[in-house]
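Good morning, and thank you for coming. I shall go through one structure with you today, and I ask you to keep it in view while I speak.

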Amino acid sequence: MLRAHTVEEVRAAEAALMATVPEGTLMQRAAYGLANAVLDLLGGGYGRRVLLLVGPGHNGGDALYAGAVLARRGALVEAWLLSTTVHEAGLAALRTAGGRVGTPRAAVRFDVVVDGIVGIGGRPGLRDGAVEALAAAAGIPVVAVDTPSGVDVDSGATPGEHVEADLTVTFGTHKACHLLDPAALACGAVDLVDIGLDPFLPPAAIEALQPEDVAAMLSLPDPDGHKYTRGVVGIRAGSDAYPGAGLLSVAGAACGLAGMVRYDGDESVLDLVRAAHPEVVGPGRVQAWVVGSGSAAAAEPALRDALADDVPVVVDADALAFADLARGRDAVLTPHAGELSRMLGVDREEIEAEPLAHARAAADRYDAVVLLKGRHTVVARPGGRVRVTTTGTPWLATAGAGDVLGGLVGALLATGLDPFDAASVGSWLHGAAATLASQDGPIVAGDVAAALPDLIASLTAP
Ligand SMILES: NC(=O)C1=CN([C@@H]2O[C@H](COP(=O)(O)OP(=O)(O)OC[C@H]3O[C@@H](n4cnc5c(N)ncnc54)[C@H](OP(=O)(O)O)[C@@H]3O)[C@@H](O)[C@H]2O)[C@@H](O)CC1
Ligand SMILES: Nc1ncnc2c1ncn2[C@@H]1O[C@H](COP(=O)(O)OP(=O)(O)O)[C@@H](O)[C@H]1O
Ligand SMILES: [K+]
């Protein structure tokens, strides 16, 4: 499991760890990790030209010490000091190693820019000197130290100007900004350097599942199981006007994880469903329902009926308008930003600017698990625990992909996962299946569903 901690938690853990090691140890660990990441990126040190953008705090200190390591490896290192104060010991180390201090100027030629302007002590936004320095170095790959300067570290928001990094090298643990958009988008790839913080960190409120976590949560068929013990998932989606929504919800549900899929909806859609998925049967008892995609006016009665069964429910698309009915129930609400905007009465732009805060607010308001779809989908449970999905590809932003996800989460609920696990595992599989199907090329929603069995097999293979 990948975990993200708050700045306060990191500071407390850092203080506890520092009491056990000689002074300066942590900064040295951070600086060596950073220097190694830069060497990897550049394919070596000798003759490479490295620009350090240095702010007033320890983040700048990390950059200066890493610059010293790089200078000793033969790189030509120049530091631009963007503040009246600087980490003096770091600067002395850089100078001793042969690095120099320069002045911001246009048309500079460097192989990499190291952003040591601010890290976890920074306020969002950039000050003038930093903006000008970044403009002068535009077009050069950027490695951010700990966080891209200017982002809001704990919320993942980017309310002001900020660095756009190609690589972010962080220390000890991830922070929210490394996982949650829009800040995560500014991080580029993220490297975590171990500085020994782990034993001092509390449990994290924000997590991102990894393949081994997903594999451990998938239930394999019992040797003596039968289709009913494996779970039955029911779909109430699709209509005369939107038959595809029913078909795609069924396609997601029919990934093979549950023992049976039932379709309970329009006769006309049932015929299409049977033609595409002959194994799907009609209404009956289920262990989980998926309700709402392409249901139009039928969404409300369908949701009421599903809730009357007292089994977990995925509340999708048209049914989200009636999400109040599911308050406090075993439910997964699956809005995209536009749908959540209508549910909360908040502008879509505000939701996209702070998906973490809004997914949490919605989970508390509806007392249910909320899966807020996006590039990095956010799954929140009441009380603040969150899982962020980092699998996926921009090709997944295609019509009907959400229907496949709803069906898949329903199948996972039917196998017995609780709503938080079902939603986060389903979202992880959905993104990974899209990547597998896409191979960096275009896909349609049905391709994502079709890739699920192979993906699941690759995870569960002994
Ligand atoms: N924790 C750990 O385990 C480890 C942490 N380590 C490292 O320490 C870093 C944290 O260092 P830090 O605490 O010195 O804060 P940092 O981010 O350098 O900035 C604070 C300074 O910036 C200023 N400032 C604020 N906003 C600004 C802005 N927008 N633009 C410009 N300036 C701004 C602010 O001053 P003021 O606002 O008062 O002007 C203050 O002086 C951390 O990210 C990691 O790299 C590792 O070495 C080892 C392990
Ligand atoms: N930029 C993106 N990168 C990766 N995945 C995305 C991106 N934008 C959207 N998605 C994913 O694509 C899917 C779209 O679902 P949704 O908006 O419900 O579409 P539809 O209603 O047509 O089914 C969601 O799973 C969402 O997380
Ligand atoms: K930084």
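Before the first residue, one definition: helices of at least four residues and strands of at least two are DSSP runs, and they are numbered from the N terminus. With those labels, Arg-73 is placed in the loop between α3 and β3, the latter covering residues 76–81. Please bear in mind throughout that this is a predicted model.

Let us stay with Arg-73. Is Arg-73 buried or exposed? It counts as partly exposed, because 19 C-beta neighbours lie inside 10 Å, and a residue needs 20 or more to be called buried. Leaving aside neighbours within four places in sequence, Arg-73 is in contact with Leu-39, Gly-45 and Tyr-46. Its C-alpha atom is also separated by 9.8 Å from that of Ala-35, although these two residues stand 38 residues apart along the chain.

I turn now to the annotated positions. An unreviewed UniProt entry lists Asn-59, Asp-115 and Ser-149 under "binding site". These positions are spread over 91 residues of sequence, yet they cluster in space, with a largest C-alpha distance of 9.6 Å.

Consider Asp-115, which is found in strand β5, residues 112–116. Why is Asp-115 described as buried? It is so described because 32 other C-beta atoms lie within 10 Å. If we do not count residues up to four places away in sequence, Asp-115 touches several residues, among them Leu-53, Val-142, Ala-144 and Ser-149.

Ser-149, for its part, lies in the loop between β6 (142–145) and β7 (167–171). Ser-149 counts as buried because it has 29 C-beta neighbours inside 10 Å. The contacts of Ser-149, again without residues up to four places away in sequence, include Asp-115, Gly-122, Ala-144 and His-162.

Next comes the ligand. How many residues surround ligand 1? There are 28, and the closest are Gly-57, His-58, Asn-59, Gly-119 and Gly-121. Asn-59 thus appears both among these closest residues and in the UniProt list. Three elements give two or more residues to the shell: α1 (7–18), α2 (25–42) and α3 (58–72). The largest share, four residues, comes from α3. Sorted by class, the shell has 13 nonpolar, ten polar and five charged residues.

Let us now step back to the whole protein. It is divided into domain 1, residues 2–207, and domain 2, residues 211–460. Taken over C-alpha atoms, the centres of the two domains are separated by 39 Å. Where they meet, twelve residues of domain 1 are in contact with 15 residues of domain 2. On the side of domain 1 that touches domain 2, α6 (176–179) and β10 (206–208) each supply at least two residues. By class, that side has eight nonpolar, two polar and two charged residues.

I shall finish with a pair of strands. Strand β11, residues 232–236, pairs with β12 in the parallel sense over four bridges. Within this pairing, Gly-234 stands opposite Arg-262 in β12. Which way do the residues of β12, 260–263, point? Met-260 and Arg-262 point one way, Val-261 and Tyr-263 point the other way, and all are buried.

Thank you for your attention.

Technical notes. Residues numbered from 1 in each chain as written. Chains lettered and ligands numbered in written order. Predicted model: local features only at pLDDT ≥ 70, side-chain atom pairs only at ≥ 80, totals over all residues. Domains from an automatic or database assignment. Contact = placed C-beta atoms within 7 Å. Nonpolar A, V, L, I, M, F, W, Y, C, P; charged D, E, K, R; others polar. UniProt positions renumbered as here; feature names shortened; annotations may be inferred. Buried ≥ 20, exposed ≤ 12 C-beta atoms within 10 Å, placed from the backbone. Near = placed C-beta within 6 Å. Pairing = 2+ DSSP bridges.
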